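I opened this notebook to record what I looked up in the structure. The entries follow in the order in which I made them.

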Amino acid sequence: MKAVKLLLCLLLAMSTVLTVGLTKSEAATTFKDIGSNHRAYKEITYLGQGDIVTGDGKGNFVPNSIVTRGEAAAMIGRALNLDGTKRATTFKDVSSNNFASGYIQSAVDKKILSGYGDGTFRPYAHVTRGEMAVMISKAFNYSFGNTVSGAANALMSRGIAQGFSNGTFGADKTLIRADFAVFLARSIDYTLRTKPTISFSGTKYVNVDSLNVRKGPSTKYGTISALKNNTKVEIGYKVGTWTLVKSGSIIGFVLDSYLTGNISSGGDGGSSGGNNSLASQVIVIDPGHGGKDSGAVGYNLTEKYVVLDTGLRLQKLLANTPFTVKLTRSTDVFLELSERVTFAKQNKANTFVSIHANAANGNASGSETYYYDTSRAVNPNTADSKLLAEKIQTRLYKAMEHNNRGEKHGDLHVIRENSMPAVLVELGFIDNKSDNAKLASPTYRQKAATAIYQGILDYYKAKGFNVNGLY
Ligand SMILES: [Zn+2]
């Protein structure tokens, strides 16, 4: 008896855990006739959470009934957030009273479904596996060569559908609701596929202050996370007006309209910004010296190493923003000063930041940032160069916890000969014991890179750009 009681307790405890694991709305979307051991439980539950599938009004899914064309239109239509408002259609056998009339017309308008030559849609006709494959391929923009076998391959190669053991797809076989749900859910959520891997390609940026990332392509799905303005995301695939995106470990769906395309990704949806978009801005970072030219040396530390490492850290920070960032050198190579200027001009840089370290007599310490300010109007961007220098210097000396030597005019080749706002940052004195210890420290080099990064953001903010979410 005791053993039986214990077992009962365990079972009760387990069922409690399972119930608690689901949120209220998720629990409510389970169907009476789909137990957790039903082979399509996960897929049907997922679609139920987004109201993409509905039951029979009595809490049942009726998994074994054959799918009609009208039902298929409604399920695909809901998955893609098509307009399902019941209305008159172009088909003589689909009246505005038909429950799927809105979805049928919307799907036909989008060329996902089509009617027959005799002007009918046949909403109560059964759907075959082949028809299903074509519908899904069209709905999710798979290239399939407009053939049934091509559509079958498109689904099988993605792990959405499997063929039969005799090697055929069974294109002529009718389809029950449970199977349709499985194929549709796997098309939407790749983690449900038999091969749950996809490749992400291209990047876009969040263009609202807080963008909800959801478990599925509708506001009915729960929120996984929220992304800040200007966050870079990798693009998976689209489902209607939603896009599966990836940002670090976060993967989920966001509304397309809250993403802006990168200038280099071309116009596949999303505006690529006017003059005030960060994506239009090219920043060139110029780590000084390199190769045969070690720059200043102190306490066995070379300037060329310090400034390259800091530049690479700065590049990493900027890489997660819409800015385009380029380095004059990313390895230990020598470049003439004129080559650095030519590089910035050829890349149509909007801002130029050269990074150096100082040396004097061992006593001088602190950081300073130079801009070119003289009547000899070689670089005409004095005001903006000065502004950029101020913004960087204000951040830098605080981060380095040393003297503020200020922003000042410097008649230096790379800032004088350039044609965009340009500054030259001196991170500190490599021959000063205290500064040297900081320049030798990866922690302080990261602080320096972050300070320059924030100074660049401060500059763009002052110029009227939206840099929210980047700090
Ligand atoms: Zn230098």
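The entries below concern a sheet, a metal site and salt bridges in a predicted model.

**Entry 1. The sheet**

I began with the strand order and found an open sheet of six strands, arranged 11-8-12-15-13-14 with mixed pairing. I then noted the edges: strand 11 (324-327) and strand 14 (404-409) each pair on one side only. From one strand to the next, the twist averages 20 degrees.

I next looked up one pair of strands within this sheet. Strand 13 (residues 367-371) runs antiparallel to strand 15 (residues 422-429), and three bridges join them. I took Thr-369 as a reference point and recorded Val-425 in strand 15 as its bridge partner.

**Entry 2. Helices on the sheet**

I asked which strands helix 10 touches. Helix 10 (residues 337-346) packs on the sheet and touches strand 8 (282-287), strand 11 and strand 12 (351-358). I recorded an angle of about 165 degrees between the direction of helix 10 and that of strand 8.

I then turned to helix 14 (residues 442-462), which also packs on the sheet. The strands touched by helix 14 are strand 8, strand 12 and strand 15. Its direction makes about 150 degrees with that of strand 12. I note that strand 8 and strand 12 appear in the contacts of helix 10 and again in those of helix 14.

**Entry 3. The zinc ion**

Which residues supply the protein donors of the zinc ion? I found His-289 through NE2, Glu-303 through OE and His-356 through ND1, at 2.0 to 2.2 Å from the ion. Along the sequence, the spacing of these donor residues reads H-x13-E-x52-H. I noted that Glu-303 and His-356 link distant parts of the chain, 53 residues apart: Glu-303 lies in helix 9 (residues 303-319) and His-356 in strand 12.

I also checked whether these two donors are buried or exposed. Glu-303 counts as buried because its relative accessibility is 3%. His-356 has a relative accessible area of 12% and is therefore buried. Strand 12 thus enters this notebook both as a strand touched by helix 10 and as the strand that holds His-356.

**Entry 4. Salt bridges**

I searched the whole structure and recorded 17 salt bridges. I looked up several of them individually.

The side chains of Lys-304 and Asp-332 form a salt bridge, with N to O at 3.1 Å. This pair also links distant parts of the chain, 28 residues apart: Lys-304 is in helix 9, and Asp-332 is in the loop between strand 11 and helix 10. Lys-304 is buried, since its relative accessible area is 16%, whereas Asp-332, at 45%, is partly exposed.

I found Arg-416 in a salt bridge with Asp-411, the closest N and O atoms being 2.9 Å apart. Arg-416 also forms a salt bridge with Glu-417, where the closest N and O atoms are 2.6 Å apart. Arg-416 is buried, with a relative accessible area of 14%. Asp-411 counts as partly exposed at 45% relative accessibility, and Glu-417 counts as partly exposed at 24%.

Finally, I recorded a network of salt bridges that links Asp-309, Arg-313 and Arg-445.

Key: Residues numbered from 1 in each chain as written. Predicted model: local features only at pLDDT ≥ 70, side-chain atom pairs only at ≥ 80, totals over all residues. Heavy atoms only, no water. Pairing = 2+ DSSP bridges. Helix = DSSP H or I, 4+ residues; strand = E, 2+ residues; numbered from the N terminus. Axes fitted to C-alpha atoms, helices over the stretch in contact; angles between N-to-C directions. Contact = heavy atoms within 4.5 Å. Donors = N, O, S within 2.8 Å, 3.2 Å for Na, K, Ca; no water. Buried < 20%, exposed > 50% of the residue type's maximum accessible area, 1.4 Å probe, protein only. Salt bridge = Lys/Arg side-chain N within 4 Å of Asp/Glu carboxyl O.
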